[in-house]
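Student: I'd like to go through this one label by label. Can you justify each term you use?

Tutor: Sure, ask away.

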Amino acid sequence: MARIAIIGGGISGLSAAYYLSKSLKSTPAKIVLIEAGKQFGGWMESSRFDDGTVFEHGPRSLRGVKSEAGYASLLLAEEIGLESKILSVKKEHPASKYRYIYAKDQLCLMPTGPGDLIKKIPPFTRPLAAFGWKEPFRKSVKLHDESIHDFITRRFGEEIATYAFSAMFRGIYAGDTRKLSIKSCLRPVFDMEQQHGSIIRGAIFGKRTKTEIPKSPLVERFRSEGWSLWSFQGGLQTFPETIASKLKEDPNIELHLNTVCADLGFTVDNKANLKYNGKEEVFDHVISTIPSGDLASLMSKQHSSMATDLNRIPLASVGVVNLQFEGDRLPIQALGHLVPFCEPDRVLGILYDSCSFPGHGTLDRPTTRLSVMMGGAWFEDHFGPVDQYSDDELTEVALKATRDQLGIKEKPFRVISKVAKRGIPQYNVGHSDIVDSVFSYAESKKFPLTILGACYKGISLNDCILNSRNTMKSLGEQMTQ
Ligand SMILES: C=Cc1c2[nH]c(c1C)Cc1[nH]c(c(CCC(=O)O)c1C)Cc1[nH]c(c(C)c1CCC(=O)O)Cc1[nH]c(c(C)c1C=C)C2
């Protein structure tokens with residue numbers, strides 16, 4: 001019987017176990033999933049309170065997108081029977097339509113339609129169309145890679161790069177666009193310049209690949225209702241919990257919590273030796289879904305050059321302070337606001353959770369729930385070494401930001417502050433070269449190893465699920481041949 005180990009019980013590891021067992025259905029195989037933490041889901045962590053409130057401490061929703069990755073998450077939720085627990089944000093909802101940035105001491109609404117492009121809207125000094133019309137005529141450059149900031153500055157000017165793009169990428173990578181790679185973070189936009197000499201020309205004349213729409217009642221519901229975001233009753237943690245309980249029903253899957261892997265090595269006869277729980281076990285294949293730095297530590301004894309490459313992928317720590325206030329305190333209804341890097345504030349943005357997901361609120365009265373995000377690529381500069389931060393300091397910074405940026409002066413009745421240490425991989429300039437080097441090393445040595453997870457080829461939950469599904473389908477086919 002083939003023995004396969006999956007290291008890591010976050011969304012990538014759980015969905016890998018789910019799809020691998022499906023793919024290996026007719027082949028006798030044992031799948032052992034090993035998670036170091038006390039619960040499955042990795043950073044998908046929701047706190048649930050008796051009054052009905054749900055706080056999210058990490059990712060809080062899936063993005064509703066009409067792409068293969070967007071559909072993959074919906075199909076997984078449907079297959080494990082979660083459709084009745086879905087909470088969605090529909091396209092006409094303020095949390096879908098309105099996004100703000102906080103700049104120059106005010107909340108600035110970002111364009112909501114083409115008409116806004118010809119108006120001068122703060123914080124920009126000219127209408128957005130004025131930054132865009134010259135773009136098709138700007139000289140293009142053949143590039144291997146570049147920072148998002150330099151790329152956007154070259155194509156649209158520094159104001160767009162500084163306000164719009166720095167804020168947007170703080171919201172995705174909690175990262176610094178002066179370091180993040182255009183090639184790895186915005187590949188289609190990078191390709192437009194390389195192939196068409198301009199982004200606008202590429203957007204107009206570029207070939208569009210058609211996404212096949214899966215036949216599924218949930219996908220149909222998502223498309224007809226137009227969800228921009230979705231989550232679950234009980235919070236996003238409901239997703240990993242439900243996948244884990246499905247996996248527990250399968251006698252060929254073993255799930256381990258609180259179990260740290262200590263060492264991973266490969267033998268000449270193409271087996272993997274994995275040390276965990278104080279013992280060494282031999283597996284036919286190992287699937288790593290843990291952060292790159294953790295995989296580097298496991299492999300450093302036998303394969304130091306691969307470990308060195310893995311350690312070149314930085315991971316940013318993000319502080320999330322959840323606040324809950326009595327009554328309806330929000331001055332505006334929206335998803336939230338982001339703060340561009342040029343502003344002196346120590347917060348990256350604030351999410352108006354009670355607006356986006358009212359279903360996660362108190363059952364008996366109106367309250368306001370906010371998540372204040374901080375740190376990211378600036379964590380050490382703003383709060384010191386990540387192992388020494390103070391929760392009181394994070395809370396103080398969060399309360400000051402809610403006062404200054406949203407005018408909420410009341411005292412919250414519930415506060416939780418948490419830091420996801422080294423939680424978000426940073427796809428900095430050169431990231432694709434590091435990934436190529438890691439993957440080609442593993443391939444050239446014919447390691448019985450598959451590398452998945454958010455550190456390499458897409459950080460969104462949708463990307464992680466799709467990547468696990470596609471990779472496990474091929475691995476299953478390979479193992480049954
Ligand atoms: C907890 C902090 C996180 C920050 N970024 C992420 C987390 C978990 C990861 C992330 N955030 C978004 C994406 C893109 C999703 C996709 O393309 O499918 C990823 C991988 C986008 C996003 N960021 C925030 C929200 C509500 C969303 C989804 C909606 C949307 O696409 O606009 C909020 C947010 N996240 C972070 C900050 C600083 C922040 C802003 C207040 C960091």
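Tutor: What you see is a predicted model, and we'll take the ligand, the rings and then the backbone.

Student: Which residues come nearest to the ligand, and what makes a residue count as near?

Tutor: Having a heavy atom within 4 Å of the ligand is what counts. There are 21 residues around the ligand, and Arg-63, Arg-99, Gly-171, Ile-172 and Leu-338 come nearest.

Student: Why is the pair between Arg-99 and the ligand called a polar contact?

Tutor: An N or O atom in the Arg-99 side chain is 2.4 Å from a ligand oxygen. The cut-off for a pair of N or O atoms is 3.5 Å, so the pair qualifies. Arg-63 passes too, because its polar side-chain atom lies 3.0 Å from an oxygen atom of the ligand. With Ile-172 it's the backbone: a polar atom there is 2.7 Å from a ligand nitrogen.

Student: How much of the ligand does the protein bury?

Tutor: The protein buries 85% of the 790 Å² that the ligand exposes when taken alone.

Student: Which elements give two or more residues to the shell around the ligand?

Tutor: Those are helix H6 (158–173), strand S16 (336–338) and strand S17 (347–351). The largest share, four residues, comes from S17. By class, the shell has twelve nonpolar, six polar and three charged residues.

Student: On to the rings. Why is the pair of Phe-169 and Tyr-173 called stacked?

Tutor: Two tests. The centres are 6.1 Å apart and the limit is 6.5 Å, so the rings pair. The planes are 20 degrees apart, and under 30 degrees counts as stacked, so that label follows. The structure holds 17 aromatic pairs.

Student: Where do Phe-169 and Tyr-173 sit along helix H6 relative to each other?

Tutor: They are four residues apart in H6, so about one helical turn separates them.

Student: Are those two buried or exposed, and how do you know?

Tutor: Buried means under 20% relative accessible area. Phe-169 has 2%, so it is buried. Tyr-173 has 5%, so it is buried as well.

Student: Which residues do ring pairs link into a cluster?

Tutor: Tyr-71, Phe-222, Trp-227, Trp-230, Phe-232 and Phe-239.

Student: What makes you say that the charged end of Arg-178 sits over the ring of Phe-341?

Tutor: The charged end is 3.8 Å from the ring centre, against a limit of 6 Å. There's an angle condition as well, within 35 degrees of the ring normal. Arg-414 likewise has its charged end over the ring of Phe-49, 4.0 Å from the centre.

Student: Now the backbone. Which peptide bond is cis, and where is it?

Tutor: The bond from Pro-122 to Pro-123 is cis, with omega near 5 degrees. Pro-123 is in the loop between strand S8 (106–109) and helix H4 (128–132).

Student: Why point out the phi values of Asp-105 and Ala-174?

Tutor: Most residues other than glycine have a negative phi. Asp-105 has a positive phi, near 65 degrees, and Ala-174 has a positive one near 50 degrees.

Student: Which of these two is buried and which exposed?

Tutor: Asp-105 has a relative accessible area of 68%, and exposed means over 50%, so Asp-105 is exposed. Ala-174, in the loop between H6 and helix H7 (182–185), has 4%, so Ala-174 is buried.

Technical notes:
Residues are numbered from 1 along each chain as its sequence is written. This is a predicted model: local features need pLDDT of at least 70, side-chain atom pairs count only at pLDDT 80 or more; totals for chains, interfaces and linings use all residues. Side-chain values use heavy atoms; hydrogens and water are left out. A polar contact is a pair of N or O atoms within 3.5 Å; within protein, one must be able to donate a hydrogen and the other to accept it, and residues adjacent in sequence count only if both atoms are side-chain atoms. Accessible areas come from the Shrake-Rupley method with a 1.4 Å probe; for residues, only the protein chains shown count as cover. Ala, Val, Leu, Ile, Met, Phe, Trp, Tyr, Cys and Pro count as nonpolar, Asp, Glu, Lys and Arg as charged, and the others, Gly among them, as polar. Rings of Phe, Tyr and Trp (its six-membered ring) pair if their centres lie within 6.5 Å; planes under 30 degrees apart count as stacked, over 60 as edge-to-face and the rest as tilted. Buried means under 20% relative accessible area, exposed over 50%, partly exposed in between (1.4 Å probe, protein chains only).
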